Amino acid sequence: MSAAITHDDSHHAGDHAHDHAHHEPSFIWKYIFSTDHKIIGVQYGLCGLFFLLFGFFLMMIMRWSIAYPGVPMPPFNWFLDASPPGSTNYLHPDRVEFLHTYLPWVFYQVNKWAPGGIVSAELYNMFGAMHGTIMVFMGIVPLGFAAFGNYVMPLQIGTVDMAFPKLNAWSFWLFFIGGAMMIISFFLPTGAAQTGWTNYSPLATTTLMHYRSTFMTGQTWWLLAMVFVISSSLLGSVNFITTLINLRARGLTWFRMPFFCWAMLVTSFLLLLAFPPLEVAAVLQVVDRVFGSSVFLPTGLVEGNKLLDISGGGNPLLYQHLFWFLAHPEVYVLILPAFAIVSDVIPCNARRPLWGYKAMVYSVLSLGFLSFLVWAHHMYLTGMGTTMSTYFQITTVLISVPSVMLLTCLMITLWGGSIRYNTQMLFASAFLPMFGIGGLTGLPLAFTFIDLHLHDTYYVIGHFHYVVAPGTIFALFAGVYHWFPKITGRKMGATLGKLHFWPSLICMNFIFGPMFIQGLAGFHRRWYDGGKYFESTSHEYLWMNELMSFAAWTMALAQIPFILNLWLSIKHGEKVTSDNPWDATTLEWQAPTPPPHGNFLVEPVVYRDPYEYSVPGADTDFTPQNQVPVGGAAAPATVAHSAGH
C-alpha cells in the first residue's frame, strides 16, 4: 500500500478499533440491522436471488399452461385417477381425502385457482403480472444496482462506507417490506394482482372494486408494495449520488473512476428522477380504488353490462404516461449495472485496458439523458398524432447509438487479449451477443407501422427478455463469480460454474428465440392456452410452445449447480491466497479479504487510471490504481475526503 495515513487519522483509527474491541455488536445488529454497506449489499443480493428464483418458478407454471392447456399440471396430476380414453379426469376420492385432511389450505387453493390441477386463466394472469413485477422490481434491480452497487462501489472509490449508512439500512428494509407484501398478496382471498405488471387503469383500478374490503385485495397490495419499493430506490439513489460525489479517495478524479462507478452514478440519477412519477401514479390509483376518486377513471365505464357508480372525468392515459416515464428509464436501470459488471470482468480477464473508456463514459451519460425522451414508444396504440409519434420514433433510434457504442467498446476490448475463460468471463462474453440480439430486435419496434402489428405479441417478449435474461442476468452471474472471493475469501467451483453456464446459454436461446417467429405470426403475449384455440393461427407454430417450455424447465435444472456452488463454496470453496486473486487493478482488490469494517487498513491514494493492464515496460501485466509511479511521485491533490478519514 502506497500511502500512510496521517497521525490524526491513525490515532482516530486506533481509538475506533479499541472501541470496537469492547463494543462488538450482537449478531442481529451486525448482520440483520447492519449499517455497513457490505452487509447491506449481501442482504440485497440474497433477497434479489430469492426473488429471481421465485419469479422463475411462476414462469415455469405459466409455461405448462401454454404448452399443455387443459392438462393437469405436475405434481397435481398425482391426485388424478386414471380415466378411460375420452373421459374427463377426476380427483381420486382417497387422495382428495388425504389433501383435505392433512393439507386443507393447499387443497382449497388448488381447487380455487387450478381446479382439477389445470391452470386457470385467472391463475395465469396472476402469475404473469407477478412474474414481471417480481423479476424486474424485486430481482434484477436489487441484485444489479443495490447489491453490487452497495458492496463494490464504496470499495472502488476508496471510502469507508456510504455517505448515509442509516439511510442505507432504511433503504433495504423498505425494499424488504415491499417484497414481503408482494409475497403475502398471493395468500389473500383474492389472490395477487392479475392485471399485468403494468397495472393499467381503468382495468386495474376497477378490478374487485366492489369486493367487501378493497384494501384487502391483491391489486391494492401491489400498489402499496410498489410505494415501499420505490421509496427504497429513492433513498438508495440519493445515497449513491452523494457518496460518489463527496467520498472519493485522494487522487480519484472523475476520469480515474472505474466505469462501474460511472454506470452506478447514472443509474442512481435515473431512479431519482424517473421513479417519483410511478410512485405518484400508484398512490393516486390507491385513492381511486379505496376512496372513490376518479383520477384515472373516465366517465361512462361499463362492467358486466352495468354502468359503474363512479364520479368519472379522469384520464386513463395519464396513468400510462406516468408509468412509462418510469418504465423506459427502468430498462436502463436494468441494463447499466450489467454493463458496469462486464466492464470490470472483461478487461480483467482479457488482460487489456477497457477500450474507449471516455467514449463509454460519454455514451452512458447520453444514454441516461435520452432515456427520458422515448417513453411513449410504448403507447403508439393509444392514437397519438403523427407528429408526436415521429418525435418518439426519432428519439428511440437515437438512443440505440450510445448502446451500440458501449457494446462495441467491450467487444474491441477483447481483440488481441490474452483471454482467461473462467466462469465469470464466459458469462460476460455471452452477455455481448445476447444483449446485441435484444437490442437489434428492438429497433423495428421504434417504428409505428411495425409496432402496430407486433405490439403485445411474443416478438416484444422475446426482444425484452433477450435484453434482461441472457443479457442482464448473465452479467449478474458474472458479477457473483467475480466478486465472490472478495466477499467470502473463497472461489466458487469452476466445474459447477461451467455446468451452470453452458446449459443456461443453450436453454435461454431455445426459450426466447422461437418467440420472434411466433410473434411475427401474431401470437399474443396473454394467451394462457398458448394460442391453441386461435383459429387464424397456423398449427405449424404451436409445437414451439412445448420446445420453449421444455427449455425453460431444463434451465431450471441448470440453476441447481449454481445454487450448490454458491452455498458449498462459502465453507468449502478454494481459499484465495491473496487479496487480489484475479490480478485486477481497481481499489476493491487492494482491501483485505473479506474487507473489515472501515474497508481499508490505510487510506488508499489513487495515482493511476482504472484499467492499466499489460502496460509496456511494466513488471507485471497489471498495475493497481494505488501503486506509486516509478520515482515515488508525491501524493495527488485531494479530490474528496470521506467522513471516516
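Let me begin with a salt bridge between Arg525 and Asp456, whose closest N and O atoms lie 3.2 Å apart. This pair links distant parts of the chain, with the two positions 69 residues apart in sequence numbering. Arg525 sits in the loop between helix H17 (494–520) and H18, and Asp456 in the loop between helix H15 (448–454) and helix H16 (458–488). How accessible are these two partners? Arg525 is partly exposed, with a relative accessible area of 23%, and Asp456 is likewise partly exposed, at 22% relative accessibility. I should say at once that the model on display is a predicted one.

The count of salt bridges comes to five, and I shall mention two others. One of them joins Lys38 to Asp36, with the closest N and O atoms 3.0 Å apart. Are these residues buried or exposed? Lys38 is buried, with a relative accessible area of 6%. Asp36 also counts as buried, at 9% relative accessibility. Another salt bridge is formed by Arg608 and Glu612, where the closest N and O atoms are 3.2 Å apart. Both Arg608 and Glu612 are buried.

Let me now turn to the chain as a whole. The secondary structure comes to 18 helices and four strands. The chain has 645 residues, of which 56% count as buried. Its accessible surface comes to about 26,900 Å², and 68% of that surface belongs to carbon and sulfur atoms. Among contacts with a separation of 6 or more, residues 24 or more positions apart account for 80%.

Next, the interior. The largest nonpolar core holds 186 residues. Which of its members touch the most other members? They are Met130, Phe137, Phe186, Phe259, Phe260, Leu278 and Phe339. Let us take Phe137 as an example. Apart from its neighbours within four places in sequence, Phe137 is in contact with Pro142, Phe175, Trp197, Met226, Val229, Phe275, Leu278, Leu326 and Glu330. Leu278, in that list of contacts, is also one of the core members just named.

I would like to look at one helix in particular, H9, which covers residues 218–246. Does its geometry agree or disagree with the expected span? At 1.5 Å a residue, its 29 residues should span 42 Å, and the C-alpha atoms at its ends are 42 Å apart, so the two values agree. As for its surroundings, 23 of the 29 residues of H9 are buried, so this helix is largely enclosed by the rest of the structure.

Within helix H9 we find Asn239. Asn239 counts as buried because its relative accessibility is 0%, and the limit for buried is under 20%. Leaving aside neighbours within four places in sequence, Asn239 is in contact with Met162, Ala163, Phe164, Leu167 and Asn168.

Of those contacts, Phe164 deserves a word. Phe164 is placed in the loop between helix H6 (121–156) and helix H7 (165–184). Phe164 counts as partly exposed, at 37% relative accessibility. With neighbours within four places set aside, its contacts are Asn239 and Thr242. Phe164 and Thr242 are 78 residues apart along the chain, and their C-alpha atoms are separated by 8.6 Å.

A further pairing involves a glycine. Gly438 has its place in helix H14, residues 423–442. Gly438 is buried, with a relative accessible area of 0%. Which residues does Gly438 contact, leaving aside its neighbours within four places in sequence? They are His463, Tyr466 and Val467. For Gly438 and His463, which are 25 residues apart along the chain, the separation of the C-alpha atoms is 4.9 Å.

Finally, the surface. A nonpolar surface patch of about 570 Å² is made by Val42, Leu46, Leu53, Ile487, Ile563, Trp567 and Ile570. Which helices each supply at least two residues of this patch? They are helix H3 (37–67) and helix H18 (543–572). One member of the patch, Ile563, lies in helix H18. Ile563 is partly exposed, with a relative accessible area of 34%.

Key. Residues are numbered from 1 along each chain as its sequence is written. This is a predicted model: local features need pLDDT of at least 70, side-chain atom pairs count only at pLDDT 80 or more; totals for chains, interfaces and linings use all residues. Side-chain values use heavy atoms; hydrogens and water are left out. Patches are made of residues with over 30% relative accessible area and no salt bridge: like charges are joined within 9 Å, nonpolar side chains (Val, Leu, Ile, Met, Phe, Trp, Tyr) within 5 Å. Accessible areas come from the Shrake-Rupley method with a 1.4 Å probe; for residues, only the protein chains shown count as cover. A salt bridge is a side-chain nitrogen of Lys or Arg within 4 Å of a carboxyl oxygen of Asp or Glu. Buried means under 20% relative accessible area, exposed over 50%, partly exposed in between (1.4 Å probe, protein chains only). The expected span of a helix is 1.5 Å times one less than its number of residues. A nonpolar core is a set of buried Ala, Val, Leu, Ile, Met, Phe, Trp, Tyr and Cys residues joined through side-chain atoms within 4.5 Å. Contact means heavy atoms within 4.5 Å.
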